[in-house]
Amino acid sequence: MASRWRDIKQGNVSKESSSINEEIKDSFASAPIGHRIKAFIVDMFMIMMPIMYITTYLIMDGKDDFQGSDEARWITALIFGFIIVLFWIIKGQTPGYKAYSIKLIDDATKQNISLPKAILRYLIFLISATTIILAFLPFFRKDKKTIQDILTKSTVIQAEN
């Protein structure tokens, strides 16, 4: 191990070990947590905020009515979820994912996830967003996977844009 490290550090890497490094690089590692958080914020501003504005000011009588209505908040979350699920199954990327060059793939097929997996993933996200422990899970894992990644057998990877 020490000799390999010395060889790599000095630039004396053989073709065999560089091909192993390329295989490791192409193994679909999870995208950085920072990019995932930033992508989520972009999605909230680009998708959720217009939905909430329309619901609050065009459908309801203002913010007081919206804040007093649990149904309105759940409906906006479900509409947001419907749009996100569509992006996941059609493109594998939401606008935020695209902005940060990340993509959601199925671990088994390495393609876009299926509709049932996308719906399950969003429902698990809603649950994990309400719990502190599940929300911080990727910070304690080597592979940086969230609970929704683990349970739906999917991965958010760096995309080739």
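**View 1. Ala 135 in helix α8 of a predicted model.** In this predicted model, Ala 135 is partly exposed, with a relative accessible area of 37%. The residue belongs to helix α8, which covers residues 132-135. Thr 146 is 11 residues away from Ala 135 along the chain, and the C-alpha atoms of the two are separated by 7.5 Å. Ala 135 is also one of the residues touched by Ser 128.

**View 2. Ser 128 and its contacts.** Ser 128 is part of helix α7. Its relative accessible area is 5%, so Ser 128 counts as buried, the limit being under 20%. With residues up to four places away in sequence not counted, Ser 128 touches Leu 134, Ala 135, Ile 147 and Gln 148. Ile 147 and Gln 148 fall in the range of α9 (147-152).

**View 3. Helix α7 and its two sides.** The end C-alpha atoms of α7 are 21 Å apart, which agrees with the 21 Å that its 15 residues should span at 1.5 Å a residue. Ala 118, Arg 121, Tyr 122, Ile 124 and Ser 128 are the buried residues of this helix. Seen down the axis of α7, these buried residues fall within an arc of 165 degrees, and therefore line one face of the helix. On the face turned away from the buried side, α7 carries the exposed residues Pro 116 and Ile 127.

**View 4. Helix α3 and its kink.** Helix α3 has 27 residues. From its first C-alpha to its last it reaches 36 Å, close to the 39 Å expected at 1.5 Å a residue. At Met 48 there is a kink of about 35 degrees, shortly before the proline Pro 50. Met 48 is itself among the buried residues of α3, which also include Ile 33, Arg 36, Ala 39, Asp 43 and Ile 47. Ile 51, Thr 55 and Thr 56 are buried in α3 as well.

**View 5. Thr 55 in helix α3.** Thr 55 lies in α3 and is buried, with a relative accessible area of 9%. Which residues is Thr 55 in contact with, leaving aside its neighbours within four places in sequence? They are Met 60, Phe 66, Ala 72 and Thr 76. Ala 72 and Thr 76 fall in the range of α5 (70-90).

**View 6. The largest nonpolar core.** In soluble globular proteins, nonpolar side chains tend to be buried together. The largest nonpolar core here has 17 residues. Those that touch the most other members are Phe 80, Trp 88, Tyr 97, Ile 102, Leu 104, Tyr 122 and Val 156. Two or more residues come from each of the elements α3 (33-59), α5 (70-90), β1 (102-106) and α7 (115-129). Helix α5 gives the most, with five residues.

**View 7. Leu 104 within the core.** Leu 104 is one of the core residues that touch the most other members. Residues up to four places away in sequence are not counted in its contacts, which include Trp 88, Gly 92, Tyr 97, Gln 111, Asn 112 and Ile 113. Leu 104 also touches Arg 121, Ser 154, Thr 155 and Val 156.

**View 8. Val 156 in strand β2.** Val 156 is placed in strand β2, which covers residues 154-158. Is Val 156 buried or exposed? At 0% relative accessibility, Val 156 counts as buried. Its C-alpha atom is separated by 8.9 Å from that of Pro 32, although the two residues are 124 residues apart along the chain. Not counting residues up to four places away in sequence, Val 156 touches Ala 29, Ser 30, Ala 31, Arg 36 and Tyr 97, among others. Its further contacts include Ile 102, Lys 103, Leu 104, Arg 121 and Asp 149.

**View 9. Two loop residues with positive phi.** Ser 101 has a phi near 55 degrees, a positive value in a residue other than glycine. Ser 101 is in the loop between α6 (95-99) and β1 and is partly exposed, with a relative accessible area of 25%. Lys 144, again a residue other than glycine, has a positive phi near 60 degrees. Lys 144 lies in the loop between α8 and α9 and counts as partly exposed, at 31% relative accessibility.

**View 10. The chain as a whole.** The chain has nine helices and two strands, which run α-α-α-α-α-α-β-α-α-α-β from the N terminus on. Of its 161 residues, 32% are buried. The chain exposes about 10700 Å², and carbon and sulfur atoms supply 65% of this area.

Terms used. Residues are numbered from 1 along each chain as its sequence is written. This is a predicted model: local features need pLDDT of at least 70, side-chain atom pairs count only at pLDDT 80 or more; totals for chains, interfaces and linings use all residues. Side-chain values use heavy atoms; hydrogens and water are left out. A nonpolar core is a set of buried Ala, Val, Leu, Ile, Met, Phe, Trp, Tyr and Cys residues joined through side-chain atoms within 4.5 Å. Buried means under 20% relative accessible area, exposed over 50%, partly exposed in between (1.4 Å probe, protein chains only). Helices (H or I, at least four residues) and strands (E, at least two) are DSSP runs, numbered from the N terminus. Contact means heavy atoms within 4.5 Å. Accessible areas come from the Shrake-Rupley method with a 1.4 Å probe; for residues, only the protein chains shown count as cover. The expected span of a helix is 1.5 Å times one less than its number of residues. The bend at a residue is the angle between axes fitted to the seven residues ending there and the seven starting there. The arc is that of the directions from the helix axis to the C-beta atoms.
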